[in-house]
Amino acid sequence: MPNMSSAAATVVDSAASADTAAPAPADRLAAAYRAVRDETERRAAPLGPEDQVVQSMPDASPAKWHRAHTTWFFEQFLLGPHKPGYQVFHPDYAFLFNSYYVSAGPRHTRAARGLLTRPGADDVTAYRRAVDEAMLGLFAEADDATLARLAPLVEVGLNHEQQHQELLLTDILHAFAQNPIPPAYDPAWTLSAADRSGDGWVDLPEGIHAIGHTGDSFHFDNEKPAHRALVGPVKLARHLVTNAEWLQFMADGGYRTPTLWLMDGFASCEREGWEAPGHWRQVDGEWTIMTLGGLQRIDPDAPVCHISYYEADAFARWAGRHLPTEMEWEVAARAGQLNDAFGLVWQWTRSAYAPYPGYRAIEGALGEYNGKFMVNQLVLRGSSCVTPADHSRITYRNFFYPHHRWQFTGLRLADYDS
Ligand SMILES: [Fe+2]
């Protein structure tokens, strides 16, 4: 859950600094709300009712569930507590669409979300419309002082929905990748080639650097407290690792050489039968990749994608290099020295997802947003090609378990040799 006062500042304070033509706080909140809610529906629009039901693995959720869960979030944390007389849209929906908020009540089993053939996609559309109407009514009715108090919660809800917008696409890609007739979500979709311009390595001399979020702009609580960290000497690869480089790793027996792997990693590799990144398929002796545009030839110049931390770590060892820490990534990114820091693939770091010094989650159900996940996962930095455009920043800390590879995940290397 983000720092509440900062979140408020983003939505509300800009009115104070703007000229008299600036929209009223209620109008600004309504516009921000509509924009995010519409984007979710835009992303779901190519999906039919059957597409929206499928849960292809326990870690992924059905598109219909993403659409409903993000709606429940506003009902649970905004409308219920703050809109006088609000009646929930349906008495069962809190149970069906709560994700992991234990404090908010009992919930449906995560791995069984794909069994919810009902409520149907149209029912979820009606749910979204009803909650949207109530939310826009709340904005219109509340006085400015109330809006200033609610704006941080609204901003949490909108950033939460943006996270699910990314998941909606990664999850439907995983579902489509299980289909023998490789459906295309958007036939025109491709992953851009990596930017190979500039020198190969970014030098970071030893120094003490500020890490973490400062200022009043929106951020999640896991980006704070800002603190200082000793970084370097180290060199970070300016470029993302590409498919061409990954094919060399594969040709050199990378997936079959246990000495390159962490023990848990090689166990995953053997158990899952990994011999290439996620969503890769061999067709007529040639590697292809299942994408949102359907099955496509491997582009050697595109960044490698859909790899686990274990694979990234093995590749780095094979290359005689390392993975960077999240602090090293942040310092290099802040200096503007990394190509494709944002917008193509999340980049694994070797940093454990741990609290920054002095971190405490806030009290209440929204305190469950980030803090309780701070064990056994690794931090990824940057953003991906399916991250909403205004949902990335240098201090953003994404996190997944080391065996996960259905997200748009890649890597860049680090080198400690002079
Ligand atoms: Fe969520």
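**Helix pair and sheet in a predicted model**

Modeller: In this predicted model, helices α4 and α7 lie roughly antiparallel to each other.

Colleague: Why are α4 and α7 called roughly antiparallel?

Modeller: The axes of α4 (residues 63-82) and α7 (residues 144-177) cross at roughly 170 degrees. Angles over 145 count as roughly antiparallel, so the pair is given that name. The two axes come within 9 Å.

Colleague: Which residues of α4 meet α7?

Modeller: On the α4 side they are A63, H66, H69, T70, F73, F74, F77, L78 and H82. Their counterparts in α7 include L150, L153, V154, H160, E161 and I172. By kind, the residues of this contact are eleven nonpolar, seven polar and one charged.

Colleague: What makes β10 and β11 edge strands?

Modeller: Each of them pairs on one side only. The open sheet has four strands in the order β10-β9-β8-β11, with mixed pairing. β10 covers 398-400 and β11 covers 409-410.

Colleague: How do you know that β8 pairs with β11?

Modeller: Pairing takes at least two bridges between the strands. Two bridges join β8 (residues 346-352) to β11, so the requirement is met. These two strands run parallel, and W346 stands opposite T409 in β11.

Colleague: Where does UniProt place the domain "Sulfatase-modifying factor enzyme-like"?

Modeller: The unreviewed UniProt entry puts that domain at residues 199-338. Over this stretch the chain is 27% helix and 23% strand. The end C-alpha atoms of residues 199-338 are 10 Å apart.

Methods:
Residues numbered from 1 in each chain as written. Predicted model: local features only at pLDDT ≥ 70, side-chain atom pairs only at ≥ 80, totals over all residues. UniProt positions renumbered as here; feature names shortened; annotations may be inferred. Axes fitted to C-alpha atoms, helices over the stretch in contact; angles between N-to-C directions. Parallel < 35°, antiparallel > 145°, perpendicular 65-115°, else oblique. Contact = placed C-beta atoms within 7 Å. Nonpolar A, V, L, I, M, F, W, Y, C, P; charged D, E, K, R; others polar.
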